[in-house]
Amino acid sequence: MYNRNLNDLLREFMDEDLFSSSFTEFRLPKIKYNDVNKREYSENTPSTNVYEDEWSYRYELSTPGFTKKDLTITLKESNLEIKGERKIDNKKEKGEYISKEYHTTKFFRSFNLPENVVLDEVHAKVENGITILYLPKVTKSKVNKGTRTIEVS
């Protein structure tokens, strides 16, 4: 049954029967080499884990290759915005690349924060390809204020 379903899928998308005698190799859609090289940047949305305990929230974003200089983190009232841009240096070399898939990478993430976050105490760090934001929860003695930029350590 499994082979039949796979066979039907291939027949539908490729007009080929996987188990027929004429089907001699598995064919994947071709990627044009030039299209890959023409990209100036890629846009990715980093995967994010959100952790909560009784005192705080912790947001962990997958940002491999990004340094703290590549990141801009802003709090606007209860909205957390994280922007990243990692530029690839196109230095001149004697030879010539045959294939070049490294390119500038950008991303943007925005989160609506819970009302109980102490905005003045939010801080961030980059560690082993993970950007970690620490968001303490409000207690009776802490009050939230306007907009600010978060420095990444």
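This briefing walks through the fold, the core, one sheet and a few notable residues of the chain above. Keep in mind that the model is predicted. The chain has two helices and nine strands, and along the sequence they run α-α-β-β-β-β-β-β-β-β-β. So what does the strand-rich part hold, and which residues stand out?

**The chain as a whole**

- Of the 153 residues, 27% count as buried.
- The accessible surface comes to about 11700 Å², and carbon and sulfur atoms make up 49% of that.
- Among the contacts with a separation of 6 or more, 59% link residues that are 24 or more positions apart.

**The largest nonpolar core**

- This core has 20 residues, and the members touching the most other members are Y59, I73, L80, I82, L113, L133 and L135.
- Several strands feed into the core: β3 (56-62), β4 (71-76), β5 (79-86), β6 (104-112) and β8 (130-136) each bring at least two residues.
- I73 makes a good place to start looking around: leaving aside residues up to four places away in sequence, its contacts are L80, E81, I82, A124, T131, L133, T149, I150 and V152.
- Two of those I73 contacts, L80 and L133, are also on the list of core members that touch the most others.

**The four-stranded sheet**

- β2, β3, β8 and β7 make an open sheet, in the order β2-β3-β8-β7, and the pairing is antiparallel.
- The edges belong to β2 (48-52) and β7; each has a single partner strand, so one side of each has no neighbour in the sheet.
- On average, neighbouring strands here are turned by 15° against each other, ignoring direction.
- In general, the strands of a sheet pair through backbone hydrogen bonds, in either a parallel or an antiparallel way.

**A closer look at β2 and β3**

- These two strands form a hairpin, with three residues between them.
- Their antiparallel pairing runs over five bridges.
- If you want to check the register, N49 has E60 of β3 as its bridge partner, while T48 stands opposite L61 in β3.

**Two loop residues with positive phi**

- Most residues other than glycine have a negative phi.
- E77 goes the other way, with a positive phi of about 55° although it is not a glycine.
- E77 sits in the loop between β4 and β5, and at a relative accessible area of 62% it is exposed.
- N128 also has a positive phi of about 55°, again without being a glycine.
- You'll find N128 in the loop between β7 (123-127) and β8, where it counts as exposed at 76% relative accessibility.

**A buried lysine**

- Is K137 buried or exposed? Its relative accessible area is 12%, so K137 is buried, the cut-off being under 20%.
- K137 belongs to the loop between β8 and β9 (148-150).
- A polar atom of the K137 side chain lies 2.8 Å from the backbone oxygen of D53.

Technical notes
Residues are numbered from 1 along each chain as its sequence is written. This is a predicted model: local features need pLDDT of at least 70, side-chain atom pairs count only at pLDDT 80 or more; totals for chains, interfaces and linings use all residues. Side-chain values use heavy atoms; hydrogens and water are left out. A nonpolar core is a set of buried Ala, Val, Leu, Ile, Met, Phe, Trp, Tyr and Cys residues joined through side-chain atoms within 4.5 Å. Buried means under 20% relative accessible area, exposed over 50%, partly exposed in between (1.4 Å probe, protein chains only). Contact means heavy atoms within 4.5 Å. Two strands pair if DSSP finds at least two bridges between them. Axes are lines fitted to C-alpha atoms, for helices over the stretch in contact, and angles run from 0 to 180 degrees between N-to-C directions. A polar contact is a pair of N or O atoms within 3.5 Å; within protein, one must be able to donate a hydrogen and the other to accept it, and residues adjacent in sequence count only if both atoms are side-chain atoms. Accessible areas come from the Shrake-Rupley method with a 1.4 Å probe; for residues, only the protein chains shown count as cover.
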